[in-house]
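Visitor: I have the sequence and the fold in front of me. Can we walk through it together?

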Amino acid sequence: MQSLLDPIDLDLLDNWQRELPLVSRPFEEMGSHTGCGEDMVLQRLQKMLAEGRISRVGATCAPNTVSASTLAALSAPAEDLEEVARIVGSQPGINHSYERENLWNLWFVATGPDRAFVDRVLDSIRRDTGLQVLDLRLVRPFNIDLGFRLDGSSDRPPVPRPVRLERLQEGDNDILQALTFGLPLCRRPYLRIADSLGRTEEQVLSRIADLREAGIISRFGVIVRHRALGWRSNAMVVWDIESKRIDAAGPALAKLPGITLCYERRPVEGVWPYRLYCMIHARNRQTALETLHKASGLPELDGVQREVLFSSRCFKQTGALISSRGAAA
């Protein structure tokens, strides 16, 4: 399948999913590397944002560090799924929501400034839908980068920096919230953020650099919408594996080409036994199944039962909710 992007757009996405320039005019620097001007970079990013090909230019943060989050699921009757998805998506802090091919057919990520906030959101969803909600809390990540090249070439994510929460300073959460919601697509986006927070541009740039170095910002760049770019056969695979085997299986699975996310989560006793999760992003189902076959053949996963949940629809994809300022907004 050919790319849905022209060469300049592909270059902007493949080369700038990480390490966005920390200079006063980042899009000017991107343009100089890409071979086009600052205005063209802004126009193209604005167009891709309007078309839903990217969700934002901004940051993702290491999970459950400066905020709380959980993966959740519910089983909605098919005839009520869109209404249930609307109820879920209307809650503050729901930043991802997908239909998947399973009895548990609506999957979403709930985020918030703290765990109590997330718990309230899940309780509200249970009350408003009348449905059981699985709360599948993260235990440990093996790969949560989800930044991969769209030209088909291999590109393993960098080894994550150790998270150093002691580097956090007062006011950082407001900067992080602005970055997770998305940079303004203008010539001086850091100045625009600084003005909104009563800071200077130099202060904002300095804090972003420090937060990135401290591992609190896990990725900073163009956040793409893979389905809109032709990667439509995306599967979440869940593995019913003993906890003691995950030490070896998690890293082995995360290193396999084609595996774009990998992490351990808590099971729900008597309902959902799966502990190890991975995502496969592919342009077609056959390619996804080929990757799954290779994963199943790993010695570390020998004999492990699993289920495959292909994504069929995206209801919502935004940045995480971090600060009380973001919740109020």
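Visitor: How many residues of β9 are buried?

Guide: A word first: this is a predicted model. Buried here means under 20% relative accessible area. Strand β9 is largely enclosed by the rest of the structure. The count of its buried residues is 7 of the 7.

Visitor: Which strands pair with β9 in the sheet order?

Guide: The sheet is open and has 9 strands. Its order reads β5-β2-β4-β3-β11-β8-β10-β9-β6, with antiparallel pairing. β9 and β10 are joined by 5 bridges, and β9 and β6 by 4 bridges. So the order places β9 between two strands, β10 and β6.

Visitor: Which residue of β10 is the bridge partner of Glu264?

Guide: Strands β9 and β10 run antiparallel. On the β6 side, Leu138 stands opposite Arg265 in β9. On the β10 side, the partner of Glu264 is Leu276.

Visitor: Which are the edge strands of this sheet?

Guide: The order of the 9 strands starts with β5 and finishes with β6. An edge strand pairs on one side only, and that holds for β5 (133-136) and β6 (138-143). The edge strands are β5 and β6.

Visitor: By how many degrees are neighbouring strands of this sheet turned against each other on average?

Guide: The sheet in question is the open one of 9 strands. Direction is ignored for this angle. The average turn between neighbouring strands is 30 degrees.

Visitor: How many bridges join β8 to β11?

Guide: β11 has β3 on one side and β8 on the other in the sheet order. With β3 (residues 94-100) it runs antiparallel over 5 bridges, and Ser97 has Lys316 as its partner. β8 and β11 also run antiparallel, and their bridges number 6.

Visitor: Is Met236 buried or exposed?

Guide: Met236 lies in strand β8, and its bridge partner in β11 is Leu309. Beyond residues up to four places away in sequence, Met236 touches several others, including Leu71, Arg100, Trp107 and Tyr277. Its relative accessibility is 1%, so Met236 counts as buried.

Visitor: What separates the C-alpha atoms of Met236 and Leu168?

Guide: Along the chain, the two residues are 68 residues apart. In space, their C-alpha atoms are separated by 33 Å.

Visitor: Why do the buried residues of α10 line one face of the helix?

Guide: Ala288, Thr291, Leu292 and Ala295 are buried in α10. Down the helix axis they fall within an arc of 100 degrees, so they line one face. On the other side, the exposed residues are His293 and Lys294. The value behind the one-face pattern is the arc of 100 degrees.

Visitor: What do the buried residues of α10 pack against?

Guide: Helix α10 covers residues 285-296 and reaches 16 Å, close to the span expected for its 12 residues. Its N-terminal end is capped by Asn284, with a side-chain oxygen 3.3 Å from the backbone nitrogen of Gln286. The packing partners of its buried residues are β8, α9 (246-254), β9, β10 and β11.

Visitor: Which exposed residues lie on the other side of α5?

Guide: The buried residues of α5 are Phe117, Val118, Val121, Leu122, Ser124, Ile125 and Thr129. They cover an arc of only 155 degrees around the axis, which puts them on the same side of the helix. The exposed residues on the other side are Arg120 and Arg127.

Visitor: What span should helix α5 have at 1.5 Å a residue?

Guide: α5 has 15 residues, 115-129. At its start, a side-chain oxygen of Asp114 reaches to within 3.3 Å of the backbone nitrogen of Ala116. Just after the helix, Gly130 takes a positive phi of about 70 degrees. The end C-alpha atoms agree with the expected span, which is 21 Å.

Visitor: Where does Gln91 lie, and with which residues is it in contact?

Guide: Gln91 sits in the loop between α4 (81-89) and β3. Its relative accessible area is 12%, so it counts as buried. Neighbours within four places in sequence are left aside. The contacts of Gln91 are then Val121, Ser124, Ile125, Asp128 and Lys316.

Methods: Residues are numbered from 1 along each chain as its sequence is written. This is a predicted model: local features need pLDDT of at least 70, side-chain atom pairs count only at pLDDT 80 or more; totals for chains, interfaces and linings use all residues. Side-chain values use heavy atoms; hydrogens and water are left out. The expected span of a helix is 1.5 Å times one less than its number of residues. Buried means under 20% relative accessible area, exposed over 50%, partly exposed in between (1.4 Å probe, protein chains only). The arc is that of the directions from the helix axis to the C-beta atoms. Contact means heavy atoms within 4.5 Å. A polar contact is a pair of N or O atoms within 3.5 Å; within protein, one must be able to donate a hydrogen and the other to accept it, and residues adjacent in sequence count only if both atoms are side-chain atoms. Axes are lines fitted to C-alpha atoms, for helices over the stretch in contact, and angles run from 0 to 180 degrees between N-to-C directions.
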